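Q: I am new to this structure and would like a close look at one part of it. Please begin with a single side chain and work outwards from there.

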Amino acid sequence: MQIILVDKEQYDWFAPFCGGLPKSEAIVVYGAVEESDGTAVGALAATVDGTNLEIEYICVADAWRRKGVARKLLRALLLDARQAGMFSRVRAHLFEDDAAGAALLRAAGFIITQTDDKLCHFPISAIPDHLLGNSKIGLGESVRLSEVPAETLRQFGVHPAEQDALPVPVPLRAQDYHERLSFAVLRQGEIVGLLLAAQEANKISLCYLYASPSAPRAAAILLLRAAQEAKALYPPETEVRIAAVSPAAGMLIDKLLPDTLRETGIVAEYRL
(Lines give C-alpha, C1' and ligand atoms only; values in the text may rest on other atoms or scores of the structure.)
Protein backbone atom coordinates (compact mmCIF):
# COMPACT_ATOMS: atom_id res chain seq x y z
CA MET A 1 0.00 0.00 0.00
CA GLN A 2 1.22 3.49 -0.89
CA ILE A 3 0.34 6.87 0.63
CA ILE A 4 0.17 9.75 -1.86
CA LEU A 5 -0.51 13.47 -1.68
CA VAL A 6 -3.67 13.81 -3.75
CA ASP A 7 -3.93 16.56 -6.36
CA LYS A 8 -7.21 17.96 -7.64
CA GLU A 9 -7.19 15.80 -10.76
CA GLN A 10 -7.21 12.70 -8.52
CA TYR A 11 -10.04 13.75 -6.18
CA ASP A 12 -12.72 11.76 -8.01
CA TRP A 13 -10.58 8.64 -7.63
CA PHE A 14 -11.20 8.69 -3.87
CA ALA A 15 -14.82 9.89 -3.89
CA PRO A 16 -16.61 6.47 -3.98
CA PHE A 17 -15.85 5.62 -0.35
CA CYS A 18 -15.29 8.97 1.38
CA GLY A 19 -17.69 11.32 -0.38
CA GLY A 20 -16.94 14.32 -2.56
CA LEU A 21 -13.74 16.11 -1.62
CA PRO A 22 -13.83 19.93 -1.76
CA LYS A 23 -11.49 21.28 -4.43
CA SER A 24 -9.92 24.10 -2.46
CA GLU A 25 -6.41 25.44 -2.02
CA ALA A 26 -7.03 25.32 1.75
CA ILE A 27 -7.54 21.52 1.72
CA VAL A 28 -4.70 19.00 1.94
CA VAL A 29 -5.65 15.42 1.01
CA TYR A 30 -3.63 12.24 1.49
CA GLY A 31 -4.75 9.05 -0.22
CA ALA A 32 -4.01 5.37 0.38
CA VAL A 33 -3.62 3.27 -2.77
CA GLU A 34 -3.29 -0.49 -3.21
CA GLU A 35 -0.18 -0.74 -5.35
CA SER A 36 -1.04 -4.03 -7.07
CA ASP A 37 -4.10 -2.71 -8.88
CA GLY A 38 -4.19 1.04 -8.14
CA THR A 39 -7.36 0.86 -6.05
CA ALA A 40 -8.02 3.83 -3.74
CA VAL A 41 -8.64 2.46 -0.25
CA GLY A 42 -8.52 5.47 2.09
CA ALA A 43 -8.19 9.23 2.41
CA LEU A 44 -7.39 11.90 4.98
CA ALA A 45 -8.46 15.52 4.44
CA ALA A 46 -7.15 18.45 6.48
CA THR A 47 -7.84 22.18 6.30
CA VAL A 48 -4.96 24.65 6.35
CA ASP A 49 -5.73 27.51 8.75
CA GLY A 50 -2.75 29.80 9.14
CA THR A 51 -0.20 27.85 11.19
CA ASN A 52 -2.71 25.13 12.09
CA LEU A 53 -3.95 22.00 10.35
CA GLU A 54 -7.50 20.86 11.12
CA ILE A 55 -8.25 17.22 10.27
CA GLU A 56 -11.69 17.15 8.65
CA TYR A 57 -11.97 13.37 8.37
CA ILE A 58 -10.12 10.10 7.91
CA CYS A 59 -11.97 7.54 5.79
CA VAL A 60 -11.00 3.95 5.00
CA ALA A 61 -12.84 1.49 2.73
CA ASP A 62 -14.65 -1.24 4.70
CA ALA A 63 -12.47 -4.08 3.40
CA TRP A 64 -9.31 -2.25 4.48
CA ARG A 65 -10.22 -1.32 8.02
CA ARG A 66 -8.11 -2.60 10.93
CA LYS A 67 -5.10 -2.93 8.63
CA GLY A 68 -3.22 0.21 9.65
CA VAL A 69 -4.39 2.38 6.74
CA ALA A 70 -5.67 5.27 8.90
CA ARG A 71 -2.48 5.17 10.98
CA LYS A 72 -0.31 5.46 7.86
CA LEU A 73 -2.41 8.35 6.50
CA LEU A 74 -2.12 10.19 9.79
CA ARG A 75 1.62 9.53 10.02
CA ALA A 76 2.14 10.95 6.51
CA LEU A 77 0.31 14.15 7.45
CA LEU A 78 2.28 14.62 10.68
CA LEU A 79 5.66 13.95 9.06
CA ASP A 80 5.01 16.39 6.22
CA ALA A 81 3.63 19.03 8.60
CA ARG A 82 6.72 18.77 10.79
CA GLN A 83 9.04 18.91 7.80
CA ALA A 84 7.26 21.93 6.33
CA GLY A 85 8.17 23.93 9.44
CA MET A 86 5.24 26.33 9.03
CA PHE A 87 2.66 24.66 11.27
CA SER A 88 2.42 24.77 15.07
CA ARG A 89 -0.28 22.18 15.71
CA VAL A 90 -2.70 19.66 14.20
CA ARG A 91 -6.23 19.39 15.59
CA ALA A 92 -9.20 17.11 15.09
CA HIS A 93 -12.74 17.11 16.50
CA LEU A 94 -14.32 13.86 17.65
CA PHE A 95 -17.80 12.69 18.57
CA GLU A 96 -18.26 11.21 22.02
CA ASP A 97 -18.87 7.68 20.70
CA ASP A 98 -15.88 7.60 18.32
CA ALA A 99 -13.72 5.29 20.41
CA ALA A 100 -11.74 4.02 17.41
CA GLY A 101 -10.89 7.55 16.25
CA ALA A 102 -9.86 8.56 19.75
CA ALA A 103 -7.62 5.49 20.09
CA LEU A 104 -5.95 6.19 16.72
CA LEU A 105 -5.19 9.81 17.57
CA ARG A 106 -4.08 9.06 21.11
CA ALA A 107 -1.65 6.39 19.84
CA ALA A 108 -0.17 8.98 17.45
CA GLY A 109 0.55 11.34 20.34
CA PHE A 110 -2.54 13.57 20.27
CA ILE A 111 -3.82 14.98 23.55
CA ILE A 112 -7.59 14.51 23.77
CA THR A 113 -9.66 16.86 25.90
CA GLN A 114 -13.32 17.50 26.53
CA THR A 115 -14.33 21.10 25.86
CA ASP A 116 -17.26 23.25 26.84
CA ASP A 117 -17.77 24.36 23.25
CA LYS A 118 -20.88 23.34 21.38
CA LEU A 119 -20.72 22.29 17.76
CA CYS A 120 -23.74 23.07 15.66
CA HIS A 121 -24.02 22.04 12.01
CA PHE A 122 -26.88 22.75 9.63
CA PRO A 123 -27.36 23.54 5.92
CA ILE A 124 -28.55 26.97 4.87
CA SER A 125 -31.75 25.31 3.66
CA ALA A 126 -32.61 24.49 7.31
CA ILE A 127 -33.12 28.18 8.11
CA PRO A 128 -36.89 28.85 7.91
CA ASP A 129 -37.72 31.48 5.31
CA HIS A 130 -40.30 33.16 7.56
CA LEU A 131 -37.54 34.13 10.02
CA LEU A 132 -35.65 36.21 7.51
CA GLY A 133 -36.33 39.87 6.98
CA ASN A 134 -38.53 40.05 10.11
CA SER A 135 -38.28 43.72 11.05
CA LYS A 136 -39.67 43.03 14.54
CA ILE A 137 -36.29 41.78 15.76
CA GLY A 138 -34.45 44.89 14.58
CA LEU A 139 -32.16 43.61 11.82
CA GLY A 140 -31.47 47.24 10.98
CA GLU A 141 -29.48 47.60 14.21
CA SER A 142 -26.62 45.52 12.84
CA VAL A 143 -23.73 46.94 10.83
CA ARG A 144 -21.07 45.18 8.82
CA LEU A 145 -17.86 44.62 10.70
CA SER A 146 -16.02 46.70 8.09
CA GLU A 147 -18.18 49.70 9.12
CA VAL A 148 -17.16 49.54 12.79
CA PRO A 149 -14.39 52.05 13.64
CA ALA A 150 -11.02 50.38 14.05
CA GLU A 151 -10.59 51.93 17.51
CA THR A 152 -13.91 50.43 18.66
CA LEU A 153 -12.80 47.00 17.45
CA ARG A 154 -9.45 47.37 19.16
CA GLN A 155 -11.00 48.37 22.49
CA PHE A 156 -13.41 45.45 22.38
CA GLY A 157 -10.57 43.05 21.62
CA VAL A 158 -8.56 44.25 24.59
CA HIS A 159 -11.35 44.93 27.09
CA PRO A 160 -14.57 43.08 26.22
CA ALA A 161 -17.26 44.26 28.64
CA GLU A 162 -18.87 40.85 29.07
CA GLN A 163 -17.60 37.67 27.49
CA ASP A 164 -19.19 34.22 27.60
CA ALA A 165 -17.91 32.85 24.30
CA LEU A 166 -14.45 32.09 22.97
CA PRO A 167 -11.79 34.74 23.66
CA VAL A 168 -11.94 37.26 20.86
CA PRO A 169 -8.79 37.28 18.69
CA VAL A 170 -6.35 40.09 19.42
CA PRO A 171 -5.87 42.26 17.51
CA LEU A 172 -9.44 42.18 16.20
CA ARG A 173 -9.42 43.33 12.57
CA ALA A 174 -12.34 43.43 10.15
CA GLN A 175 -10.20 42.28 7.21
CA ASP A 176 -9.50 38.96 8.94
CA TYR A 177 -13.13 37.84 8.65
CA HIS A 178 -15.75 37.16 6.00
CA GLU A 179 -16.63 40.61 4.66
CA ARG A 180 -20.30 39.85 3.95
CA LEU A 181 -21.12 37.68 6.98
CA SER A 182 -19.45 39.41 9.96
CA PHE A 183 -21.52 41.98 11.87
CA ALA A 184 -21.73 44.02 15.05
CA VAL A 185 -24.49 45.70 17.05
CA LEU A 186 -23.46 49.09 18.44
CA ARG A 187 -25.02 51.02 21.32
CA GLN A 188 -23.66 54.44 22.24
CA GLY A 189 -20.50 53.73 20.28
CA GLU A 190 -19.76 50.42 22.01
CA ILE A 191 -20.08 46.85 20.75
CA VAL A 192 -22.92 44.98 22.48
CA GLY A 193 -23.10 42.17 19.91
CA LEU A 194 -20.51 40.65 17.62
CA LEU A 195 -20.56 37.85 15.04
CA LEU A 196 -17.34 36.81 13.29
CA ALA A 197 -17.53 34.45 10.32
CA ALA A 198 -15.01 32.69 8.12
CA GLN A 199 -15.40 30.68 4.93
CA GLU A 200 -13.81 27.23 4.83
CA ALA A 201 -14.07 25.31 1.55
CA ASN A 202 -17.77 24.44 1.13
CA LYS A 203 -18.94 25.63 4.54
CA ILE A 204 -19.38 28.81 6.53
CA SER A 205 -18.02 28.88 10.06
CA LEU A 206 -19.43 31.29 12.62
CA CYS A 207 -16.34 31.29 14.80
CA TYR A 208 -17.42 33.85 17.39
CA LEU A 209 -20.86 34.97 18.57
CA TYR A 210 -21.33 37.38 21.46
CA ALA A 211 -24.28 39.23 22.97
CA SER A 212 -23.99 41.48 26.00
CA PRO A 213 -26.44 40.79 28.86
CA SER A 214 -27.58 44.39 28.38
CA ALA A 215 -28.57 43.61 24.77
CA PRO A 216 -29.99 40.04 24.74
CA ARG A 217 -31.59 40.52 21.32
CA ALA A 218 -28.19 41.13 19.74
CA ALA A 219 -27.57 37.40 19.24
CA ALA A 220 -30.84 37.01 17.34
CA ILE A 221 -30.17 40.12 15.28
CA LEU A 222 -26.70 38.92 14.30
CA LEU A 223 -27.63 35.31 13.56
CA LEU A 224 -30.60 36.22 11.40
CA ARG A 225 -28.71 38.99 9.57
CA ALA A 226 -25.95 36.46 8.76
CA ALA A 227 -28.57 33.90 7.69
CA GLN A 228 -30.21 36.47 5.43
CA GLU A 229 -26.90 37.27 3.74
CA ALA A 230 -25.85 33.61 3.51
CA LYS A 231 -29.08 32.59 1.78
CA ALA A 232 -28.49 35.26 -0.84
CA LEU A 233 -24.84 34.34 -1.37
CA TYR A 234 -24.62 30.54 -1.20
CA PRO A 235 -26.40 27.39 -2.44
CA PRO A 236 -28.97 25.85 -0.04
CA GLU A 237 -26.78 22.82 0.71
CA THR A 238 -23.89 24.97 2.01
CA GLU A 239 -23.17 24.00 5.62
CA VAL A 240 -23.18 26.52 8.42
CA ARG A 241 -20.98 25.61 11.39
CA ILE A 242 -21.12 27.34 14.73
CA ALA A 243 -18.01 26.31 16.61
CA ALA A 244 -18.75 28.03 19.90
CA VAL A 245 -21.75 29.95 21.14
CA SER A 246 -22.73 31.91 24.21
CA PRO A 247 -25.52 30.47 26.39
CA ALA A 248 -27.98 33.02 24.99
CA ALA A 249 -27.05 32.19 21.42
CA GLY A 250 -27.25 28.45 22.15
CA MET A 251 -30.82 28.78 23.40
CA LEU A 252 -31.67 30.85 20.35
CA ILE A 253 -30.34 28.16 17.99
CA ASP A 254 -32.33 25.49 19.81
CA LYS A 255 -35.47 27.58 19.42
CA LEU A 256 -35.01 28.53 15.78
CA LEU A 257 -33.47 25.28 14.54
CA PRO A 258 -34.77 22.45 16.75
CA ASP A 259 -33.51 19.73 14.39
CA THR A 260 -29.87 20.85 14.27
CA LEU A 261 -27.05 18.52 15.25
CA ARG A 262 -25.32 19.70 18.41
CA GLU A 263 -22.56 17.71 20.06
CA THR A 264 -20.30 18.33 23.01
CA GLY A 265 -16.87 19.09 21.64
CA ILE A 266 -14.01 16.62 22.01
CA VAL A 267 -10.75 18.02 20.69
CA ALA A 268 -7.60 16.07 19.86
CA GLU A 269 -4.49 18.23 19.55
CA TYR A 270 -0.95 17.45 18.40
CA ARG A 271 1.80 20.03 18.91
CA LEU A 272 4.44 20.03 16.19
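Why does Glu151 count as partly exposed, and not as buried or exposed?

A: Glu151 counts as partly exposed because its relative accessibility is 45%. Buried means under 20% relative accessible area, exposed over 50%, and partly exposed in between, with a 1.4 Å probe and protein chains only. The model is predicted, so local features need pLDDT of at least 70 and side-chain atom pairs count only at pLDDT 80 or more, while totals for chains, interfaces and linings use all residues. Residues are numbered from 1 along each chain as its sequence is written, and side-chain values use heavy atoms, with hydrogens and water left out.

Glu151 belongs to helix H4, which spans residues 150–158. Helices (H or I, at least four residues) and strands (E, at least two) are DSSP runs numbered from the N terminus. The side chain of Glu151 forms a salt bridge with that of Arg154, at 3.0 Å from N to O. The term stands for a side-chain nitrogen of Lys or Arg within 4 Å of a carboxyl oxygen of Asp or Glu. Arg154 is also in H4, three residues from Glu151, or about one turn of the helix. With a relative accessible area of 41%, Arg154 is partly exposed.

Leading up to H4 is the loop that joins it to E7, and Glu147 lies in this loop. Glu147 has 53% relative accessibility and therefore counts as exposed. Its C-alpha atom is 8.6 Å from that of Ala174, although 27 residues separate the two along the chain.

On the other side of that loop is strand E7 (residues 142–144), which holds Arg144. Arg144 forms a salt bridge with Glu229, where the closest N and O atoms are 3.1 Å apart. Glu229 sits in helix H5 (residues 218–233), 85 residues from Arg144, so that the pair links distant parts of the chain. Both of these residues are buried. Glu229 also meets Arg225 in a salt bridge, at 3.7 Å from N to O. Here both partners lie in H5, four residues apart, which is about one turn of the helix. Arg225 is buried, as is Glu229. Further salt bridges share partners and join Arg89, Arg91, Glu269 and Arg271 into one network. The structure holds 10 salt bridges.

Arg89 leads to the strands. Arg89 lies in E5 and stands opposite Asn52. Strand E5 covers residues 89–94 and runs parallel to E4, with four bridges between them. Two strands pair if DSSP finds at least two bridges between them. From E4 the chain passes through helix H2 (residues 69–84) to reach E5. On the other pairing, E4 (residues 52–60) runs antiparallel to E3 (residues 39–49), and eight bridges join the two. Val48 faces Leu53 of E4 across this pair. Two residues lie between the strands of this hairpin, where Gly50 has a positive phi near 65 degrees.

The last element in this tour is helix H3, which runs over residues 99–107 and has Gly101, Ala102 and Leu105 buried. These three are on the same side of H3. The face turned away from that buried side carries the exposed residues Ala99, Ala100 and Ala107. After H3 comes Gly109, whose phi is positive, near 105 degrees.

Notes:
Arc of directions from axis to C-beta. Right-handed = clockwise from strand over helix to strand, strands pointing away.
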